[in-house]
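Trainee: Please give me a close look at one part of this model and at the contacts that surround it. I should like a connected account rather than a list.

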Amino acid sequence: MDPPPAVDRYLTMTAGDELRVALVHTPPGYQAGIAAPLLIDFHGYGGTSERTQADHDFDPLADAARVVTVYPQGLELDVELTGWYTISREDQSDDVAYVAQLLDALERQLCVDPDRVWAVGHSVGGGMADYVACELADRFTAVAIVAGTFYPRDRCEPAEPTAILEVHSTTDDVAPYYGRPYFVSVEAWFAAWADRLHCDPDPSDDGGRVVWNGCDAPLEHVRLEGVGHEWISAETALVWEFLQRAGTRSPEP
C-alpha cells in the first residue's frame, strides 16, 4: 500500500478577538501514531503563508524527514501589509498567545514530538521567532532566524534553554547588522542571548561562523556578505542543517 500523500490544509481559529489562519503541510507517509517534528515558519513584513512556503522551500526537505511544516499568517499591521506585533503588544493582538494556542491545536490534531518543535522566521518574522524563544521556550526546542529585526526588550526570561541560530548579512539595509535607532545590532542581540544561555564569554569565529561555547543550549551565528535582506536558498540549507543537528532537546539527566 502506498504511503499517505503530502497534504496542505488551513487551520483556522479565533485567538483573542481575531480570526487566525495557518497553512499546515503534513509530509507524505505521516502516521498519526508516530511522533513527528514540527517546524513553524513566520513570514516577514508584508508576507503571506503561501509565499513563505514557496520562497523558503522547506517542504521538500521536511517531506524527506517526515517533518510537519506550518506557515502562520500574520495580521494586517498597516496599509494592508501583514506582520507580527514584536514591538509592543499593549492594545494590540497578542501574537505570542496565538502561537501558544496554535501549538495546542496542532498537538491535539497531530502526533507532535515535543522534543523537536522549531520556530523559524525571516525579518520581522525573525523578531517573532525571538519572542517565542523568550516567552515559549518550554515549547520550542530550537529557533532559527534569518535577517531578524530585533527591537529593545524590557524582559526575556526563557523557561528552558533553546538552541538558537541567527543568519545575517553585513550589507542588510532593512535590518542593519550594526543596528540603528530602534533596532538592536546583531552583536548586542547575541551578547544578550549568550548571557541568558550562560555561555563562555569568548565565542569561536572562523570568519563567517560564530559559535559560543559552554552554553546551556547551542548558540550560533552565520555572518554573510553581500546578501542584503533577502532569503536565499543557501539560508534554507543553513537553517535546516542547524535544526537537524541541534534541534532535539536533550532529556533531563
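**A helix and its surroundings**

Mentor: In this predicted model, helix 3 covers residues 95-109, and its 15 residues reach 21 Å from the first C-alpha to the last, close to the 21 Å expected at 1.5 Å a residue. The N-terminal end of helix 3 is capped by Asp94, which has a side-chain oxygen 3.2 Å from the backbone nitrogen of Val96. Val96 is itself one of the buried residues of helix 3, along with Asp95, Tyr98, Val99, Ala100, Leu102, Leu103, Ala105 and Leu106.

Helix 3 leads us to helix 4, since helix 3 is among the elements that cover the buried residues of helix 4. The cover also includes strand 3 (36-42), strand 7 (112-122), strand 8, strand 9 and helix 5 (186-196). Helix 4 is largely enclosed by the rest of the structure, because 11 of its 12 residues are buried. The buried residues are Val124, Gly125, Gly126, Gly127, Met128, Ala129, Asp130, Tyr131, Val132, Ala133 and Cys134. As for its length, the end C-alpha atoms of helix 4 are 16 Å apart, which agrees with the 16 Å that 12 residues should span at 1.5 Å a residue.

Glu135, also in helix 4, is partly exposed, with a relative accessible area of 26%. Its carboxylate takes part in a salt bridge with Arg153, and the closest N and O atoms are 3.6 Å apart. Arg153 lies in the loop between strand 8 (142-146) and strand 9 (163-169), whereas Glu135 lies in helix 4 (residues 124-135), so the pair ties together parts that are 18 residues apart in sequence. Arg153 is likewise partly exposed, at a relative accessible area of 22%. Arg153 has a second partner in helix 4: its charged end sits over the ring of Tyr131, 4.0 Å from the centre of that ring. Tyr131, for its part, is buried. A related arrangement occurs elsewhere, where the charged end of Arg180 sits over the ring of Phe183, 4.6 Å from its centre.

Next to consider is the residue that precedes helix 4, Ser123. The side chain of Ser123 makes a polar contact of 2.8 Å with the side chain of His229. His229 belongs to the loop between strand 12 and helix 6 and counts as buried, at 12% relative accessibility. Apart from neighbours within four places in sequence, the residues in contact with His229 are His122, Ser123, Ala147, Asp172, Val174 and Ala175.

The two elements that flank the loop of His229 also carry charged pairs. A search of the whole structure finds 9 salt bridges. In one of them, Glu220 pairs with Arg209, with 3.1 Å separating the closest N and O atoms. This pair links distant parts of the chain, as Glu220 is in strand 12 (residues 219-224) and Arg209 in strand 11 (residues 209-211), 11 residues apart. Glu220 counts as buried, at 6% relative accessibility, while Arg209 counts as partly exposed, at 28%. In helix 6, the side chains of Arg245 and Glu241 meet in a salt bridge of 2.6 Å, N to O. Arg245 is partly exposed, with a relative accessible area of 44%, and Glu241 is partly exposed at 36%. Both residues lie in helix 6 (residues 233-246), 4 residues apart, or about one turn of the helix. Through salt bridges that share partners, Arg209, Glu220, Glu241 and Arg245 are joined into one network.

Finally, helix 5, named above as part of the cover of helix 4, brings us to the aromatic residues. The structure holds 10 aromatic pairs. Tyr177 and Tyr178 form an edge-to-face pair, 5.0 Å from centre to centre and with 65 degrees between the planes. Tyr177 counts as buried, at 9% relative accessibility, whereas Tyr178 counts as exposed, at 63%. Trp189 and Phe190 are also edge-to-face, at 4.9 Å centre to centre and 80 degrees between the planes. Both Trp189 and Phe190 are buried. These two residues belong to one aromatic cluster together with Phe150, Trp193 and Trp212.

Definitions and conventions: Residues numbered from 1 in each chain as written. Predicted model: local features only at pLDDT ≥ 70, side-chain atom pairs only at ≥ 80, totals over all residues. Heavy atoms only, no water. Expected span 1.5 Å × (residues − 1). Buried < 20%, exposed > 50% of the residue type's maximum accessible area, 1.4 Å probe, protein only. Polar contact = N/O pair within 3.5 Å; in protein donor to acceptor, adjacent residues only side chain to side chain. Salt bridge = Lys/Arg side-chain N within 4 Å of Asp/Glu carboxyl O. Contact = heavy atoms within 4.5 Å. Phe/Tyr/Trp six-rings, centres within 6.5 Å; stacked < 30°, edge-to-face > 60°. Lys NZ or Arg CZ within 6 Å of the ring centre and 35° of its normal.
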